[in-house]
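Trainee: I'm new to this one. Could you show me the structure and walk me through its rings?

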Amino acid sequence: MFFAACLLTLLTLSITGSPVEIRNSRITLPMTRRPKVSNSTNLVQRDEARVAAFMDYSTHDRRTHIPATNHHTRYTVSVGIGDPATVYNLIVDTGSANTWVGAATPYVATGTSTNLRQPVGQTYGSASFEGIEFLDYVTVGPGLTVVLQSIGVASEVRGISDSDGVLGIGPVATTLGSLKDMPTEPVPTVTNSLYGQGTISREILGIFFQPYRGSVAATGGQITFGGTDPAMHDSNIAYTPITNSMRSRKYWGINQSITYGPGEILGLTAGILDCGTTFILIATDAYVRYRFATGARYDRATELLTISEDQFGDLYYLNFHINGETYSFTPDAQIWPRSLNTVIGGHQGSIYLIICDIGTRSGSGLDFHNGYVFMQRFYTVLDTTMSRVGFATTAFTYAATNYNVNA
């Protein structure tokens, strides 16, 4: 904890005379979506690589909103670093906690930059970065600047070229091992720092992701630091504690079971929420039950399950049971947006399901990844202070957004 303690001391000494502005009201910034014009690499393979990396790792009030932009498989936020600030578009990742820049836009050092001369790196499955850890000012909204935030400055990046880096909002434990010379030392997150300097009163995040609708720029979502935004959900928030499963509790891990129609396909087990994963990945035995129940066939081009128009009409609800609450996926929510079929290498008129195989049978302690297609349907609360995760319905929980090609 020496590294984190030193940063906290520096943070405390730097608050006086800093540009930090404490506000009692929410600050909401507008959201935009930037449609991707080029085809993506195989998203299923990317998810599988990410899950494999997680499996490997796991064995070893005041609030402010910032904008999130959907790049079909990733959401990004605009963050200013330095003084004067350079703006970087960073991928929002609930599965990791390091914040770093330099993938596309180079890091610009200013008078607020301090080179810690600590090698840093992180692997995300099909992507990774290596670089040096710095301290700098990080601005997440007007008048809301984290002083002396620890950030990585990349010198080598693999698998990320359409964004400038990552804003990690996962638990601090996921930073362990990222400092190459100090592998047992955690790295403070942006949320930690906002809380530590008094900008927010609780370490809590409220996340709203809007499903993709059509091929033009549109609102994408928002992140609320320090609280939740009642305007973004239309039911009470129901909470569940972080799981005790060794493999899942390092992340935003929860316990859930899954039913499809009248039958159970996955018994109560542990897994994680991860907006860095595109699809919903479930244990192999559960995946086989779902495939059999829907009558779906495997499509080699996309590596997704595909169904016919008649089979779509016969789909039951897919239900996620979490701490006594049920969160339902309509038939429309269970399919990939057909207007984006060509992005994943599919046919525009086909119907692809968003349930994938995690690659191991249930009982591993990490039996599902509820990816961003799940978080698009439910307002999600990540509460470090209370060690819990919360969900609520939104205007898009039951909305028909995916079946109509022109939606």
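Mentor: Sure, starting with Phe378, which is buried at a relative accessible area of 2%. Keep in mind that this is a predicted model, where local features need pLDDT of at least 70, side-chain atom pairs count only at pLDDT 80 or more, and totals for chains, interfaces and linings use all residues. Residues are numbered from 1 along each chain as its sequence is written, and side-chain values use heavy atoms, with hydrogens and water left out.

Trainee: Why is Phe378 called buried?

Mentor: Buried means under 20% relative accessible area (exposed is over 50%, partly exposed in between, with a 1.4 Å probe and protein chains only). Phe378 has 2%, so the word fits. Phe374 is buried too, at 0%.

Trainee: How many aromatic pairs does a search of the whole structure find?

Mentor: It finds 15. One of them joins Phe208 and Phe396, 6.2 Å centre to centre with 40° between the planes.

Trainee: What makes the pair of Phe208 and Phe396 tilted?

Mentor: Rings of Phe, Tyr and Trp (its six-membered ring) pair if their centres lie within 6.5 Å; planes under 30 degrees apart count as stacked, over 60 as edge-to-face and the rest as tilted. Here 6.2 Å makes a pair and 40° falls among the rest, so it is tilted.

Trainee: What does the pair of Phe208 and Phe396 tie together?

Mentor: Phe208 lies in strand β10 and Phe396 in the segment after β24, so the pair ties together parts 188 residues apart in sequence. Strands here are DSSP runs of E, at least two residues, numbered from the N terminus.

Methods. Helix = DSSP H or I, 4+ residues; strand = E, 2+ residues; numbered from the N terminus.
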